[in-house]
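The following exercises concern buried helix faces and enclosed space. Each task is followed by a solution in steps.

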Amino acid sequence: MASSLLPKHPLQRMHSPSRGFSSLVHLLGLASFLWSFKFIHENPSQANEAYGWHFQYLTIIGLTLSTLAFAAGLLADLILSPRLFLLKNLLSICCAPLEVLISVLYWGLRLIDPELVVPPTVVIPLNADISMHAVPAVVLLLDLLLLSPPWTITVVPALGLSGVIAMFYWFWIEHCYQHNGWYPYPIFEMLPRDGRIGLFTLSAVVMAMSTATLKWLYGKVNGYGTEAVATSHPGAVKENGEASH
């Protein structure tokens, strides 16, 4: 058993990479992601023939990143590769907050009015809806809390990363609109240009907040590595872990 496990971070709750529970989580998550792509292939819409294909949808961009992360995670489990485990964790820093953002925006807007995110001519079965807009956030959260070391990203870099993603997506859908003449989500059609900019800016802030929230939740579940509150700079190792007398 020991030969099938690699040393884990002290705060990491369960062994990963490993050929046990970790590989099961990554296999089931990956199976759900691939089923979502299979559903898209077997149920074509106007996006199938459009410029940018389904990658116009933030949902599909997030699903693609999640697929890459879990593929790296599963392969790391099977061959016990620290490098692939690191790659999975780096991808997760990006796609876990993104999937949380997608779930919050999608289900929040859908509760207000389904036609804000799904055209009235499109019908998405509940199982496909959950597979694309809920499962990725759930399994990535499970991977973070149980199978990953703590994130080291801070608020400013998180805001910068989310801002870059929001800006890239804005330019990307505007570029696709020039070719297709329609936006992927109906809410984009309803908002003026300034409104879309405001929506993307708000989304970047929410994604950065989700990164901070996930870090906080990780600490609540797994601890922070010291029982005492840090009272000096991180480099003062002897001071930061000791209780005051």
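In sorting lining residues, Ala, Val, Leu, Ile, Met, Phe, Trp, Tyr, Cys and Pro count as nonpolar, Asp, Glu, Lys and Arg as charged, and the others, Gly among them, as polar. The model examined here is predicted.

**Exercise 1.** Determine how the lining of the second largest cavity divides into nonpolar, polar and charged residues.

Solution. Step 1: the lining consists of Ile93, Pro97, Ile153, Ala158, Leu161, Ser162, Met207 and Thr211. Step 2: sorting these residues gives 6 nonpolar, 2 polar and no charged. Step 3: as to origin, H3, H6 and H8 each supply at least two residues, and H6 gives the largest share, 3 residues. The space enclosed is about 40 Å³.

**Exercise 2.** Characterise the largest cavity by volume and by lining.

Solution. Step 1: the model holds 2 cavities of 30 Å³ or more, and the largest contains about 310 Å³ of space. Step 2: its lining comprises 21 residues, and Leu58, Leu105, Tyr169, Phe188 and Ser203 lie nearest the centre. Step 3: H3 contributes the largest share, 6 residues; H2, H3, H6 (155–180), H7 (186–190) and H8 (193–222) each supply at least two. Step 4: the lining divides into 18 nonpolar, 3 polar and no charged residues.

**Exercise 3.** Establish which residues of helix H4 are buried and what covers them.

Solution. Step 1: in H4 (residues 126–133), the buried residues are Ala128, Asp129, Ser131, Met132 and His133. Step 2: these residues lie on the same side of H4, because they cover an arc of only 165° around the axis. Step 3: the cover over them includes helices H1 (21–42), H2 (58–79), H3 (82–112) and H5 (135–147).

Methods. Residues numbered from 1 in each chain as written. Predicted model: local features only at pLDDT ≥ 70, side-chain atom pairs only at ≥ 80, totals over all residues. Heavy atoms only, no water. Buried < 20%, exposed > 50% of the residue type's maximum accessible area, 1.4 Å probe, protein only. Helix = DSSP H or I, 4+ residues; strand = E, 2+ residues; numbered from the N terminus. Arc of directions from axis to C-beta. Contact = heavy atoms within 4.5 Å. 1 Å grid on protein atoms, 1.4 Å probe; cavity = no way out; pocket = protein on both sides within 12 Å on 5 of 7 lines; lining within 4 Å. Points joined across faces, edges and corners; volume = space filled by probe spheres on them.
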